[in-house]
Amino acid sequence: MKLSGRIKDQHFQFSSVTELLAKASEEKSGDRMSKVAAESSLERVAAKWILSELTLKDIYENPVIPYEKDEVTRVIYDQINNHIYNEIAHWTVSYLREYILDHSTTSSALKRISRGLTSEMIAAVAKLMSSIDLVMASQKIRYQAHCNTTIGEPGRLAFRCQPNHPTDKSEGILASLKEGLSYGSGDAVIGINPNNDSVESVSRLLTISHEFIQKWGIPTQNCVLAHITTQLQALKKGAPMALMFQSLAGTEKANRDFGVNKELLDEASYYMMKMGTSSGPNVMYFETGQGSEVSLDADHGVDMQTLESRTYGYARHWNPFMVNNVSGFIGPETLFDGRQMIRADLEDLFMGKLNGLPMGIAPTYTNHMESDQNDQEIAGMLTALAGANFYMGVPGGDDVMLSYQDTSFHDDASLREMLGFRPLREFEIWLETMGIMENGRLTPKAGDLSIFN
Amino acid sequence: MDIEQIVREVVEQIRKKKNVPQEIILDVPLLEEGLVYSREKVVGVKEPTDSATIAEAQKITPARIGIGRAGTRMRTKSYLDFQLDHAAAQDAVKKEVSEQFLEKLAIPILKTKAQSLSEYLMNLDSGRVLCDESVHWLQQHSEKGKQVQIIISDGLSTTGIEENVPNLLSALEQGLKMKNISMEKPIFIKRSRVWVQDHVASIVNCDLVISLIGERPGLATSKSVSAYLIYKPTKDSVEADRTVISNIHKGGVQPLEAGAYLSDMIADILIKKVSGVKYTQTKE
């Protein structure tokens with residue numbers, strides 16, 4: 001394995017695959033904060049070049065965190081298909097990039113080799129890709145999943161209706177829910193972020209959303225995004241839950257910070273199949289995003305993008321219905337501005353897909369980073385073009401409970417119309433019955449929450 | 001005849017008298033003010049089934065609902081409201097807590113290692129530990145070994161702190177006193193993050209730390225505070241060990257109510273000797 005080289009009369013020496021991966025990353029403030037970023041533009045290019053010459057075997061044999069020391073590494077390695085890995089172990093990262101982009105490489109071929117790739121290999125190849133590369137490659141890969149609705153079918157784009165309220169007031173949540181549904185948002189899930197994370201409160205929110213879904217016959221699923229242990233207790237006590245949520249990260253240490261591990265996720269997944277209300281088989285919903293490990297001081301000196309890819313490799317184990325990337329949610333210490341956020345969104349969508357996941361994207365920004373609505377809308381359009389399965393739907397783009405900006409009901413409807421996407425099949429029929437949509441376009445009734453009187 | 005028309009006629013007469021070009025006269029401020037922006041919620045849905053229902057719904061949530069649409073896009077007024085609120089939120093991050101406010105609060109003011117706002121925003125560690133001078137001060141002046149230490153952190157919303165802390169702090173202190181729970185003197189820590197509570201606990205040796213911290217500003221509220229509680233933090237403490245109550249502000253959980261609720265919760269945590277996710281599990 002060669003970790004050094006000469007460019008323009010300058011000698012570059014890297015000490016490990018981990019360092020090479022970090023320095024080959026596009027510039028991001030989180031990598032700078034954890035002191036793993038390239039120190040000059042030339043060093044970044046040198047790292048990309050040397051990385052491009054590594055074989056997949058080099059990367060396989062040098063996981064960024066050892067197998068013995070980290071549960072995430074173990075979950076990823078244990079699900080690798082050895083037969084497929086052995087076929088491609090001698091490929092260089094450069095060859096992998098060209099193979100992915102080649103016209104003759106089909107979607108099915110990509111899904112097959114993905115079973116032989118570790119998450120670090122996927123991060124590595126993404127580091128050699130530009131924005132259009134990432135979009136072209138992402139378009140080729142699409143995973144479907146089924147809970148009550150089927151997500152990820154070609155030509156369809158789904159949304160999570162996110163009707164949060166700062167004090168979890170039922171009437172306030174229902175008002176936002178009606179607003180969202182009237183714009184055609186909510187086919188991915190009706191997902192409420194609770195302010196009060198107690199079992200009673202979570203059960204109450206599950207009940208009101210479930211009853212609303214029943215009353216109006218809406219083909220979708222409900223979810224309350226509390227900690228997994230709280231949801232598990234609510235579920236065991238009989239709360240009506242269609243989808244179970246948890247935030248995940250790319251190291252065992254960061255997941256411990258989140259209060260989650262494999263055993264707990266196995267248990268949650270088991271009880272969902274046993275006691276959840278949905279048909280499944282995909283009953284889990286995960287959220288991820290570049291930067292959580294570094295902000296929790298649990299990054300082990302690995303760059304944010306590589307850790308994000310590992311998060312996907314980990315998440316794959318539980319066959320989720322949806323995985324939502326929320327890069328940009330943390331703040332400027334991880335992604336400084338709109339430019340870094342857009343790049344992260346494109347990387348994450350591609351890496352998530354190649355890791356075998358039904359991916360959605362939440363292009364988000366907070367008010368203390370250098371980003372605005374224009375950046376967010378650009379990220380939304382590009383990732384929709386790249387074939388994301390779903391986005392968030394927040395009233396007016398402003399989440400009044402979590403205090404950040406995400407895609408709005410208006411953006412949801414716009415992305416569908418501008419790219420000719422339809423809602424999920426079952427949900428579209430419901431929208432037509434309600435008179436909200438006709439031939440894939442909103443009717444004059446759309447946007448009027450009082451139709452649910 | 002309305003005022004505007006009268007003004008126009010007067011201006012026109014002056015122009016004729018003095019024989020000056022019209023464009024110069026137009027620069028003279030008119031009696032009437034320019035446009036005044038109104039941030040009031042209006043029902044933006046065109047021809048709704050029931051307008052009253054929408055107006056009612058708008059009253060029960062700060063969320064941007066009932067705003068209507070132009071095609072699939074926002075109407076102009078909603079778009080401008082959004083831009084206005086984003087601008088206000090960005091400005092709120094940059095403001096510092098005022099000296100007058102700190103004087104009135106009359107509690108010790110400590111600092112972290114973050115020397116500037118940009119260092120605070122970009123380097124998390126800098127806001128998680130006290131500076132040497134503050135460490136020294138705390139070692140000298142704290143009583144040590146009490147049950148509870150209250151920390152006020154400016155966090156990302158100084159306006160949130162100024163608006164809510166006076167009522168929140170007095171309700172919390174009163175609640176704890178009534179329960180005979182012993183307290184260190186509350187401290188204010190400039191440019192601090194949640195984890196600074198672990199550092200403080202290691203010095204004052206209390207059972208529980210509660211941080212009242214300014215939340216990052218959202219569009220609907222740039223004035224919100226969160227409370228983070230942790231029982232006996234150590235260097236191995238993690239996020240999941242912290243209990244959080246967020247959205248304390250006048251449009252969310254009222255500060256006085258929050259103070260009372262938090263003191264009840266502190267009493268319960270002190271009995272159960274555990275916080276965070278493990279605390280939630282005790283309530284099964």
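In which helix of chain A is the place of G313(A)? The exercises below work through this and other points of a predicted model.

**Exercise 1. Place G313(A) and describe its surroundings.**

Step 1. G313(A) belongs to helix α17 of chain A, which covers residues 304-315.

Step 2. The relative accessibility of G313(A) is 2%. The cut-off for a buried residue is under 20%, so G313(A) counts as buried.

Step 3. With neighbours within four places in sequence left aside, the contacts of G313(A) are V75(A), I76(A), Q79(A), S119(A) and N355(A).

Step 4. As a check on distance, take T383(A): 70 residues separate it from G313(A) in sequence, and the two C-alpha atoms are 20 Å apart.

**Exercise 2. Decide whether T118(A) is buried or exposed, and list its contacts.**

Step 1. T118(A) sits in a loop of chain A, between α8 (107-114) and α9 (119-126).

Step 2. Its relative accessible area is 0%, so T118(A) is buried.

Step 3. Beyond four places in sequence, T118(A) touches I59(A), Y60(A), I76(A), Y77(A) and I80(A). I76(A) is also among the contacts of G313(A).

**Exercise 3. Compare the span of α11(A) with the expected value, and find what covers the helix.**

Step 1. At 1.5 Å a residue, 13 residues should span 18 Å. The end C-alpha atoms of α11(A) are 18 Å apart, which agrees.

Step 2. Of these 13 residues, 11 are buried, so α11(A) is largely enclosed by the rest of the structure.

Step 3. The buried residues are S170(A), G172(A), I173(A), A175(A), S176(A), L177(A), K178(A), E179(A), G180(A), L181(A) and S182(A).

Step 4. The cover over them includes β5 (158-161), β6, α12, α20 (409-419) and α21 (425-434) of chain A, together with α3 (51-60) of chain B.

Step 5. Just after the helix, G184(A) has a positive phi of about 85 degrees.

**Exercise 4. Treat α12(A) in the same manner.**

Step 1. Helix α12 of chain A runs over residues 199-216 and has 18 residues. From its first C-alpha to its last it reaches 26 Å, close to the 26 Å expected at 1.5 Å a residue.

Step 2. Its buried residues are V199(A), S201(A), V202(A), S203(A), L205(A), L206(A), I208(A), S209(A), F212(A) and I213(A).

Step 3. These residues pack against α11 (170-182), β6 (189-192), β7 (222-224) and α13 (228-236) of chain A.

Step 4. After α12(A) comes G217(A), with a positive phi near 60 degrees.

**Exercise 5. Find how many disulfides the structure has, and explain the case of C161(A).**

Step 1. A disulfide is a covalent bond between the sulfur atoms of two cysteines. The cut-off for a pair is sulfur atoms within 2.5 Å.

Step 2. The search over all chains returns 0 disulfides.

Step 3. For C161(A), the closest cysteine sulfur belongs to C223(A) and is 13 Å away, too far for a bond.

Step 4. C223(A) is likewise in no disulfide; the cysteine sulfur nearest to it, that of C147(A), is 9.2 Å away.

Step 5. C161(A) counts as buried, at 0% relative accessibility. C223(A) counts as buried, also at 0%.

**Exercise 6. Describe the packing of α8(B) and α10(B).**

Step 1. Two packed helices are described by the angle between their axes and the distance between the axes.

Step 2. For α8 (residues 158-178) and α10 (residues 255-272) of chain B, the angle is about 35 degrees and the axes are 7 Å apart. The crossing is right-handed.

Step 3. From α8(B), the contact uses N164(B), N167(B), L168(B), A171(B), L172(B), G175(B) and L176(B). From α10(B) come P255(B), L256(B), A258(B), G259(B), A260(B), L262(B), S263(B) and I266(B).

Step 4. Sorted by class, the contact has 10 nonpolar residues, 5 polar ones and no charged ones.

**Exercise 7. Summarise chain B, then classify L84(B).**

Step 1. Chain B has 11 helices and 6 strands. Of its 284 residues, 49% are buried.

Step 2. Of the contacts in chain B between residues at least 6 apart in sequence, 66% join residues at least 24 apart.

Step 3. L84(B) is in helix α4 (residues 76-94) of chain B. At 40% relative accessibility, L84(B) counts as partly exposed.

Step 4. Leaving aside neighbours within four places, L84(B) is in contact with Y37(B) and R39(B).

Definitions and conventions. Residues are numbered from 1 along each chain as its sequence is written. Chains are lettered from A and ligands numbered from 1 in the order in which they are written. This is a predicted model: local features need pLDDT of at least 70, side-chain atom pairs count only at pLDDT 80 or more; totals for chains, interfaces and linings use all residues. Side-chain values use heavy atoms; hydrogens and water are left out. Axes are lines fitted to C-alpha atoms, for helices over the stretch in contact, and angles run from 0 to 180 degrees between N-to-C directions. Helices (H or I, at least four residues) and strands (E, at least two) are DSSP runs, numbered from the N terminus. A crossing is left-handed if the near helix is turned anticlockwise from the far one by less than a right angle, and right-handed if clockwise. Contact means heavy atoms within 4.5 Å. Ala, Val, Leu, Ile, Met, Phe, Trp, Tyr, Cys and Pro count as nonpolar, Asp, Glu, Lys and Arg as charged, and the others, Gly among them, as polar. The expected span of a helix is 1.5 Å times one less than its number of residues. Buried means under 20% relative accessible area, exposed over 50%, partly exposed in between (1.4 Å probe, protein chains only).
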